[in-house]
Amino acid sequence: MNQLHQRVTSLPRETRDTLFLLAVIGWVVFLQVGHIPWWCGLLTVGVLVWRTTLTLRGLPLPGWPWRFGLLALLLGATWATHSTILGRDAGVTLIVVLLALKTLEMRARRDAFVIFFLSFFMLLTHFFYSQTLLTAVGILVALMALLTALVNAHMPVGRPTLGQAARIAGGMALMGAPIMLVLFLLFPRLSPLWGMPGDDAAGRSGLSNSMRVGQIAQLVLDENIAFRVKFDGPLPPQGQLYFRGPVLSDFDGAEWRPLRSGFPDALALPSDLVVSGEAVRYEVTMEANRRPWLFLLEAAPQAPDVPGVRVRMTRELQWVTDRPIGTQVRYRAQSHTSFQHGPLEPAVALQDHVELPPGFNPRTLALAQELRRQHGRSNRALIDAVLDRLRTGGYTYTLEPGVFGQHTADEFWFDRRQGFCEHIASSFVVLMRALDIPARIVTGYQGGELNAFDEFWTVRQRDAHAWAEVWLQGQGWVRVDPTSAVAPGRIGSLERLAAPEGALAGALRNFNPTLLTQMREVWEAVNNRWSQWVLNYTQGRQLDLLRNLGFQSPNWTDLVTVLLGVVVLASLIGAAWTLWERQQHDPWLRLLRRARVRLQALGIPSADHTPPRELARQVQQRWGPQAGIAQWLIRLEAQRYSRPDSKNPITLAALQREFRQLAWPGKDSTPAS
């Protein structure tokens, strides 16, 4: 390590500064590597390595034909990848390309400043994709490194250390922190100017508005958080934690989709939601899913309070928004776990929920006829018989049931006898419809886990679930979760099928079974606090701050007024500070002036421009070379102008103490011969 430090410090300053800037650029681009094309990442690495080699060997930079040729090639690659050179993703790719190519013509400080500005702009683009605490930490490191390089570029004389430039950059950042805090707290967040809409075609995760058998099983490998819930009171029973999402009623033999009814709207099934019991009140912090829906605990009779978004409830009790959720949102809601919905008497539109595609699952249709012969016409008895078959028929709950063929229900009921929740729910609904019992699939999330550090209920993508609803006369739509018959632990005690662990995670779990879980909970609690207090600092919370300051009915104009008042006050304080500072003198000059005044009284005149060494010479001529004041004057000059001595540094404070202890000769003292 010492040898590496010596090699770096022995490099010429221009070489050292260039290598440091290239390293900073590499870190800035590394933060974006997951959101740029693979060829763009390889290109950046190649260009930075090429530029580093040229710097270390002192070789000339490539000429303009090379640079223009690479630029044309990369513009073509960007167009081929994104089919455009405009928009978020294509724009970020172009910025990375231009930043990398600009290093190949970095010859003067002007070129370095262009790179600085491109890099600062590049930092902003990271928030297009992620606003997590980890992203913010990475950007803060890059920001401090860029500020260090920028300060270093403004120190052209001598060979200042990077540590010195870093200290100056840190001081600048600290001085700017209060301004940043005031702007964060008071700058009005006016929609749609505040925030940037996401690309609705990219970055989708979680549930879809359709379900193909095997699709939800893939989500069990996804540990990403779907949403967090903070309950105002006691947590509802675990078996009632169903967060409702898309309802699927159309089946083509392979895929379930939302209902596309042929009946007119006048005959459509009403929701007729009736709730009972005490309401469960809670707050949801939902991650961006690029979908126009919200997840609420079943069932929510009132619209959730989502700032800046219009919401409505469909006839299937799903709450949807007027636009896709492209950023993290937080909303309050209340639900009732005891409810009834749908028509209580037979309706024509129920025919949509008994239809099956012809030519599929013949053995399931035969099973339905056999069950009818055994249990008669009682729908409740038929449902219980099917659930009993799931409990006692050797069916298992597994993440890897294999690839299903054309007749998915037949394979589940008679051949494989294993599956994940969507295999079980789909096969159950097909059998219900074969029994002429109206049924449909509901997708959403079930369960979750409590974070012991912040008391938030965390629901992950792996908690995605599919269950069934059947229609019963006099009861309406009734939730039936066939997965609970196959694997009761999936619903009651929140057991989950775990994805395979990596080597590091397995080693940590073997060392301490709870350490990995605790580490994750702590990190998620910290990240959640970041989301709650920073990312979700909305205009509503700004107005709450003004209410705490005494405003009765604050609005955005009050925010502007307070912000302008703070800016004016800060400007006045800055002006007063500048005026006071100008009236102060350099403490070294003040100390020299005190010595000059004392010597003037002893008969040694001097001017303001007389250096300490000249004063010391005059003192030595009059009182001899051993005069203490002469030695003190020489040390005073050395403190200001000599190279610092790391072993015996001369400090101004020490010189001030020595000045007070000096033995001054009298005015009539005998001069030296």
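The legends below describe close-up views of a predicted model.

**View 1. An open sheet of 5 strands with antiparallel pairing.** Read across the sheet, the strands come in the order E11-E7-E2-E17-E16. Strand E11 (329–335) and strand E16 (449–450) stand at the edges, where each has a single partner strand, so one side of each is left without a neighbour in the sheet. As general background, the strands of a sheet pair through backbone hydrogen bonds, and this pairing can be either parallel or antiparallel.

**View 2. The pairing of strand E2 with strand E17.** Strand E2, which covers residues 225–231, and strand E17, which covers residues 457–460, pair in the antiparallel sense over 4 bridges. Within this pair of strands, Arg228 stands opposite Thr458 in E17.

**View 3. The surroundings of Ser426 in helix H13.** Ser426 is found in helix H13, which spans residues 421–434. The relative accessible area of Ser426 is 1%, and because buried means under 20%, this residue is classed as buried. The side chain of Ser426 is joined to the side chain of Trp256 by a polar contact of 2.9 Å. When residues up to four places away in sequence are not counted, Ser426 touches Met211, Val213, Phe251, Trp256 and Ile441.

**View 4. The largest nonpolar core, with 40 residues.** Leu390, Trp413, Phe428, Met432, Leu435 and Val470 are the residues of this core that touch the most other members. Two or more residues each are given to the core by helix H10 (362–375), helix H11 (379–392), helix H12 (408–416), H13, strand E15 (439–446), strand E18 (464–472), strand E19 (476–480) and helix H14 (482–486). The largest share of the core comes from H13, which supplies 8 residues. In soluble globular proteins, nonpolar side chains tend to be buried together.

**View 5. Met432 and its contacts.** If its neighbours within four places in sequence are left aside, Met432 is in contact with Ile383, Val386, Ile437, Ala439 and Val470. Apart from the largest core lies another core, of 34 residues, and among its members are Val29, Ile36, Cys40 and Ile115.

**View 6. Two buried cysteines, Cys40 and Cys421.** Cys40 is buried, with a relative accessible area of 0%, and for Cys421, which is also buried, the relative accessible area is 0%. The structure holds 0 disulfides.

Key: Residues are numbered from 1 along each chain as its sequence is written. This is a predicted model: local features need pLDDT of at least 70, side-chain atom pairs count only at pLDDT 80 or more; totals for chains, interfaces and linings use all residues. Side-chain values use heavy atoms; hydrogens and water are left out. Two strands pair if DSSP finds at least two bridges between them. A disulfide is a pair of cysteine sulfur atoms within 2.5 Å. Buried means under 20% relative accessible area, exposed over 50%, partly exposed in between (1.4 Å probe, protein chains only). A polar contact is a pair of N or O atoms within 3.5 Å; within protein, one must be able to donate a hydrogen and the other to accept it, and residues adjacent in sequence count only if both atoms are side-chain atoms. Contact means heavy atoms within 4.5 Å. A nonpolar core is a set of buried Ala, Val, Leu, Ile, Met, Phe, Trp, Tyr and Cys residues joined through side-chain atoms within 4.5 Å.
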